[in-house]
Amino acid sequence: MNSSPQRKRLHLGAFMRPIGIHTAWWRYPGGFPDANFNLEHLVRFARKLESGKFDAFFMADHLAVMNMPIEALKRSATVTSFDPLTLLPALAMVTERIGLIATASTTYNEPYHIARKFASLDHISKGRAGWNLVTSGNPDEALNFGRDAHLDHATRYQRAREFFDVVTGLWDSWADDAFLRDVEQGLYFDPDRLHTLDHKGAFLKVKGPLNVARPVQGWPVIVQAGASEAGRQIAAETAEMVFGSASRLEAGQEYYADVKGRMARAGRDPAHLKILPGAFVVVGVSEAEAQEKKARLDALVPVESGLANLSVRLGTDASGFDLDAPLPEIPETNASKSGQAQIVAYARKTGATVRELAQRVGGYGGLSFVGTPAQIADHMQEWLEGEACDGFNVMFPFVPEGLDAFVDQVVPELQRRGLFRTAYEGHTLREHLGLPRPANRFFPPGA
């Protein structure tokens with residue numbers, strides 16, 4: 001593909017879930033099996049990604065161990081990992097430019113907690129924080145927070161929408177110039193530049209103000225990942241980055257056009273939202289070598305782990321299904337609707353058996369780019385120029401090899417084509433993403 005000096009450029013996040021999305025990532029030869037819970041490894045990864053000029057280091061979160069049978073759970077590396085809002089401030093101290101995005105649930109947190117922690121992270125990192133707003137999909141999380149079951153799907157999203165308004169309102173508690181710190185007069189702040197939120201809504205009651213100064217970025221970058229109807233709408237109304245889940249170019253184009261169109265109808269500039277689907281990337285010197293690495297990794301996934309992951313995605317127990325029969329009818333559940341819909345649609349379209357579906361999701365069944373650096377760059381360029389994305393949240397098959405290969409081999413190929421930065425042009429995550437700093441709703445410019 002030919003280069004062009006005016007070409008749109010990719011944004012790249014590194015999705016460290018907290019480390020790997022593939023069930024068997026921790027078993028790959030030469031890897032770091034303890035990487036989820038080893039600070040030295042995580043520091044190494046963050047610095048390596050920063051050397052590759054990534055926009056952000058992106059951490060998912062789980063408020064319970066995965067809801068799967070113990071025979072499968074005992075094989076999962078996700079049972080232990082650092083709390084993101086404890087880890088990311090530590091990583092902020094050993095990096096300078098890379099953004100730091102953490103997931104935090106609106107279902108099992110209070111707005112004041114979220115506002116305070118992310119404002120603190122933004123100050124500690126000098127403007128590199130992002131909040132991935134989620135509503136919680138794992139039903140076992142409810143059991144850890146005094147509930148027998150999740151709120152229903154629609155209610156979770158309604159609460160999340162109000163939660164967003166409260167958190168951002170708390171971030172706007174202080175004008176940017178509120179803190180005078182006048183030693184001679186003994187005046188620390190101007191009380192006229194302080195706003196008390198006093199929110200009373202359908203789900204939340206929060207007085208405020210926040211006891212942390214307004215974040216460096218005004219607000220940390222708002223990230224969202226919902227693909228359902230409710231998820232798309234809240235993304236269009238609130239998000240500045242979306243973690244997309246399309247696994248085909250046409251699906252990515254449909255999602256991109258839909259969410260950006262909803263933004264325009266909501267009065268927002270579609271340029272102020274970056275859509276970055278997750279992309280599982282395996283790099284090889286040749287396509288055959290990359291495919292061999294992928295096959296070697298997939299071979300490390302036990303059948304019971306595949307079935308357990310299939311059960312999680314479907315929101316129903318698949319352990320009793322006939323492995324060699326097509327997927328039976330699946331009842332609607334209170335779990336992630338988009339995750340279930342993707343699996344069911346694939347099963348109906350392909351006629352895949354339960355065994356084949358378990359193998360597919362047991363490792364990783366979403367968007368994958370497997371090949372040489374040039375082939376991977378071709379795919380990324382096709383998606384970017386085909387208006388299916390603004391970049392990718394890259395998921396590495398194993399660490400450190402898979403991460404190092406992408407930074408050392410794919411990033412230079414993208415840079416050679418003019419598709420990715422060769423140096424950071426700003427310091428904050430908003431500057432990396434080309435996003436405006438939001439005005440304070442209570443203290444607009446000139447007020």
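**Spaces and packing inside a predicted model**

Me: Which residues line the largest cavity?
Reply: Since this is a predicted model, let's treat every contact as part of a prediction. The cavity in question has a volume of about 40 Å³. Its lining is made up of G244, S245, A246, G252, Y255, Y256, I275, P277, W383 and A388.

Me: Which element gives the largest share of that lining of the largest cavity?
Reply: Two elements, α8 (249–265) and β11 (274–283), each supply at least two residues of the lining of the largest cavity. The largest share is three residues, and the element that provides them is α8.

Me: How many charged residues are in the lining of the largest cavity?
Reply: Try sorting the lining residues by class. Seven of them are nonpolar and three are polar. For charged residues in the lining of the largest cavity, the count is no residues.

Me: How many cavities of 30 Å³ or more does the structure hold, and what is the volume of the second largest?
Reply: The structure holds two cavities of 30 Å³ or more. The second largest cavity has V282, V283, K293, P397, F398, E401, G402 and A405 around it. Its space comes to about 30 Å³.

Me: Which element gives the most to the lining of the second largest cavity?
Reply: By class, this lining has five nonpolar, one polar and two charged residues. Both β11 and α14 (401–416) supply at least two residues of it. With three residues, the element that gives the most is α14.

Me: Which element gives the most to the lining of the second largest pocket?
Reply: Start with the residues that line this pocket, among them K294, D298, V303, R355 and Y364. The elements giving two or more residues to the lining are α9 (287–298), α10 (303–314) and α12 (354–363). The top contribution is five residues, and it comes from α12.

Me: What is the volume of the second largest pocket?
Reply: Its lining is a mixture, with five nonpolar, three polar and four charged residues. The volume of the second largest pocket is about 230 Å³.

Me: Which residues have the most contacts inside the largest nonpolar core?
Reply: In soluble globular proteins, nonpolar side chains tend to be buried together. Here the largest nonpolar core has 77 residues. Helix α6 (residues 153–171) gives the most to this core, with eight residues. The residues with the most contacts inside the core are F54, F57 and F392.

Me: How many residues are in the other core that lies apart from the largest one?
Reply: First, a look at one residue of the largest core: leaving aside neighbours within four places in sequence, F57 is in contact with residues including A14, M16, L42, L88 and I101. The other core lies apart and includes I21, F243, L276 and V282. Its number of residues is 26.

Me: Why do the rings of F54 and F396 count as a tilted pair?
Reply: A search of the whole structure finds 21 aromatic pairs. For F54 and F396, the ring centres are 6.5 Å apart and the planes lie at 50°. Planes between 30 and 60 degrees apart are neither stacked nor edge-to-face, so this pair is tilted.

Me: How many residues apart are F54 and F396, and are they buried or exposed?
Reply: F54 is in the loop between α1 (39–51) and β2 (56–59), while F396 is in the loop between β13 (391–395) and α14, so the pair links parts of the chain 342 residues apart. Buried means under 20% relative accessible area. F54 is at 0% and F396 is at 2%, so F54 and F396 are both buried.

Me: What kind of aromatic pair do W131 and W171 form?
Reply: W131 is buried, and so is W171. Together with F118 and F163, they form one aromatic cluster. The ring centres of W131 and W171 are 6.2 Å apart and their planes are at 90°, so the pair is edge-to-face.

Me: Is H41 buried or exposed?
Reply: H41 sits in helix α1. Beyond its neighbours within four places in sequence, H41 is in contact with F32, D34 and A35. Its relative accessibility is 15%, so H41 counts as buried.

Me: Which residues of helix α7 are buried?
Reply: Helix α7 spans residues 229–238. Its buried residues are covered by elements including β4, α6, β9 (221–224), β10 (241–244) and α8. The buried residues of α7 are G231, R232, I234, A235, A236 and T238.

Conventions:
Residues numbered from 1 in each chain as written. Predicted model: local features only at pLDDT ≥ 70, side-chain atom pairs only at ≥ 80, totals over all residues. Heavy atoms only, no water. 1 Å grid on protein atoms, 1.4 Å probe; cavity = no way out; pocket = protein on both sides within 12 Å on 5 of 7 lines; lining within 4 Å. Points joined across faces, edges and corners; volume = space filled by probe spheres on them. Helix = DSSP H or I, 4+ residues; strand = E, 2+ residues; numbered from the N terminus. Nonpolar A, V, L, I, M, F, W, Y, C, P; charged D, E, K, R; others polar. Core = buried A, V, L, I, M, F, W, Y, C linked by side-chain atoms within 4.5 Å. Buried < 20%, exposed > 50% of the residue type's maximum accessible area, 1.4 Å probe, protein only. Contact = heavy atoms within 4.5 Å. Phe/Tyr/Trp six-rings, centres within 6.5 Å; stacked < 30°, edge-to-face > 60°.
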